[in-house]
Amino acid sequence: MVWDISSVFKSLRWKLQFFYSALLATVITFSGSVFYYQVWRSTFAEVDRGLEAAALYLDVMLRSFPPPAIQQGFDMLSISPPIVKPDGSSPPPPRPRRSKEQFLEELRLPKELNIPGMNGLRDQPYFIVTTSNDKLLKKDFLPPGYSEEDSLGRSFYPRPSLITLKNNLREVRMIGPGGAKIIVGKPLNQEFIRLRNIAFQFVGIGFVFLVFGVGASFAIASRMVRPITQMSATAELLSEKDLSKRLDPNQIDSELAGLADVLNRLFSRLDASFSRQRQFTADASHELRTPLTVIRSVSELSLSQPRSSQEYQEAIEVSLKASERMTNLVDGLLALARLDSSSADFHLQQINLNDLVSESISLLGPMASEKQISLVSELHAVQILGNAESLLRMIDNLITNAIIYNKPGGEVVITLDCENNKASLKIKDNGVGITEEHLPFVFERFYRVDKARSRISGGSGLGLAICKGVVEKHNGAITVQSVVDVGTTFQIQLPVWKD
Amino acid sequence: MRILVVEDEPDLLRTIAKALREKGYAVDEATNGSEGLSYAAISRYDAIVLDMMMPVMDGAQFLGSFRKLYSTPILILSARDTVANRVNGLNLGADDYLTKPFAMPELFARLQALIRRSLGTSENITTIRGVTINFGSRLVNVGSRSVDLTAKEFSILEMLVLKKNRVVTRTEIYEHVYDANEDSMSNLVDVHISNIRKKIEEDIIETRRGLGYIISV
């Protein structure tokens, strides 16, 4: 199979798959990012809260001293004299004051402080406490490479302020009592490792979700495309030979049922059209074979042994009659084919329809009088836009039928006038009529009301079909009314010609 | 042998009938199915040639009615040439199907084969006591000498040979050799038989007095 990228973009299934996957990837990335951001933020918030608490703790510890003492770096710390009450009793001895060293020993971050990494071995929180003039009071757990000068050189505010330094350090700095500078910080290496691991997990889980999602979307896309594939498979099964198959609307999703319905109707129309075509071909073939068979059989019989000249003459007459029948038939088929084809070679011109009708009547006069039938006509001048040759053929055909299927001494009445901007031609006979069962089919090709009679009169079975074709080609309508033994009336309506 | 031809095309009907008569068959002509049924009710035929598309009663209807009563071999002669048409025709009870236009010799051969088979033999050439009868070419030889029989004479001999070891009555022979168009006397059969005997010079036909004739093997 040749892999063509353009075929992928033309495939509904691949498009579905692509858009679904893209959507899924976007959703996973977005929600992963949001979640990661939340984790990130809460991690830092926790650290920050811990550091602030630590700074404030140190601040509180320093407040137990008077600010000047702090200012001077506790150098003037001394033990104050005991206070004697007027009644001579002495108050309980005061708690011994702590020495500077003692205090500085106590000045550290208690284990209870809730700073991440507080009790771990790595990322220990550190702190620096100095006097306002940068005299170091105490520092603890400073990470390697930490520059105290840089750090103390930065701004300090009365409230704890948070900054991030290089080497993943996070610090809280504030001014404590007596202008003491308090810095509490913590390396964030562990946090970053944790966040990185979480990020990796997110990416991994997201990828697994994406793979499952793409798989699911593949299944869904296949499921969506399946009815379409089925429909096309069914449509493929249909061919000229077998148009009987139909799509089952009950097995197709409602969105596609409409399409299936349209296809089914199309198939039905095709089926009907093909079977009409087959029927027509079979009929035409049958009609051609019959005279052909006559010619062949008569010729074979004549040649099988020496014959009298009278026998030969009879044989030739029979052959001639058969060939005339074939000629009629071929003419009829050709006329029908022309009517079926496009209008390109169908020349329309302004025609006096009354002239055509009277021409036809005068041509058929001898035939009518031979059969003792009188032709009565009442023609008004009507102009139409039409094809003279085909119209004449149609009029000839209808009047001939009216003469042939009449009774001796009968009458054919031909009237032409204009009603409601329509040319109306009526050809009425008082002949044998057509029974009701045959009436709907008389315009069908090769339909014969009475086969034997039609053969004697030399009909091809196409006459009325051609008439209908001619009328419809002129955007007109042909109708028939008939009562058995009373007569038949054909009425033709054609649009009149207007300037 | 007597054959009924049912065909609505008058020229074709006449031609087929004439050709078969020249081959020595007795032929009756019907122009539609119901006419054919009337003929079948009157006479017994050795074979029927049947057109399918006919007015009044078509070939299918004819087959439907006819097959309930008789087993006469029927050959359909039709312009409908699709496989479905042929299968349908044979399923309706016909024994063979020939499409139009057809070759006369083929029609003869198929009819001959149908008649032969219906009488229980499938050979085309039979030899009885040195007399060789070829049903296909319709020639008779005695040893190496060919015998010149008329169509009627051959027809009678053919019938007796095909129904060998059975007594065939004069009426049967008459019915199978003369069709409804002819108006001959039944003793003509005796004349034909005696002519056949003279020409063959080999007395293979026995007379069963008061019954008819027989060729026994």
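**Exercise 1. Determine whether A:Arg173 is buried or exposed in this predicted model, and describe its surroundings.**

Step 1. The relative accessible area of A:Arg173 is 1%, and the cut-off for a buried residue is under 20%, so A:Arg173 counts as buried.

Step 2. To place the residue in the fold, note that A:Arg173 belongs to strand E4 of chain A, which covers residues 169–175.

Step 3. Turning to the side chain, A:Arg173 makes a polar contact of 2.9 Å with the side chain of A:Glu171.

Step 4. When residues up to four places away in sequence are not counted, A:Arg173 touches a set of residues that includes A:Ser151, A:Phe156, A:Tyr157, A:Pro160, A:Ile163 and A:Ile182; A:Ser161, also among them, is the bridge partner of A:Arg173.

**Exercise 2. Work out the strand order of the open sheet in chain A that contains E4, and identify which strands form its edges.**

Step 1. The open sheet has 5 strands, arranged in the order E2-E1-E5-E4-E3, and the pairing is antiparallel.

Step 2. The edges are strand E2 (136–140) and strand E3 (161–165) of chain A, each of which pairs on one side only.

Step 3. On average, and with direction ignored, neighbouring strands of this sheet are turned by 15° against each other.

Step 4. For the pair E3(A) and E4(A), the antiparallel pairing extends over 5 bridges, and A:Arg173 in E4(A) is the partner of A:Ser161 in one such bridge.

Step 5. A helix can now be added to the picture: helix H2 of chain A, residues 12–63, lies across strand E1 (126–130), E3, E4 and strand E5 (181–187), and runs at about 30° to E4(A).

**Exercise 3. Explain where the buried residues of helix H3 in chain B lie around its axis, and state what they pack against.**

Step 1. Within helix H3 of chain B, which spans residues 59–67, the buried residues are B:Gly59, B:Phe62, B:Leu63 and B:Phe66.

Step 2. Viewed down the axis of H3(B), these buried residues fall within an arc of 100°, and therefore they line one face of the helix.

Step 3. The elements of chain B against which the buried residues of H3(B) pack are helix H2 (33–42), strand E3 (47–51), strand E4 (74–78) and helix H4 (83–91).

Step 4. Finally, at the start of H3(B), a side-chain oxygen of B:Asp58 comes to within 3.2 Å of the backbone nitrogen of B:Ala60.

Definitions and conventions
Residues are numbered from 1 along each chain as its sequence is written. Chains are lettered from A and ligands numbered from 1 in the order in which they are written. This is a predicted model: local features need pLDDT of at least 70, side-chain atom pairs count only at pLDDT 80 or more; totals for chains, interfaces and linings use all residues. Side-chain values use heavy atoms; hydrogens and water are left out. Helices (H or I, at least four residues) and strands (E, at least two) are DSSP runs, numbered from the N terminus. Buried means under 20% relative accessible area, exposed over 50%, partly exposed in between (1.4 Å probe, protein chains only). A polar contact is a pair of N or O atoms within 3.5 Å; within protein, one must be able to donate a hydrogen and the other to accept it, and residues adjacent in sequence count only if both atoms are side-chain atoms. Contact means heavy atoms within 4.5 Å. The arc is that of the directions from the helix axis to the C-beta atoms. Two strands pair if DSSP finds at least two bridges between them. Axes are lines fitted to C-alpha atoms, for helices over the stretch in contact, and angles run from 0 to 180 degrees between N-to-C directions.
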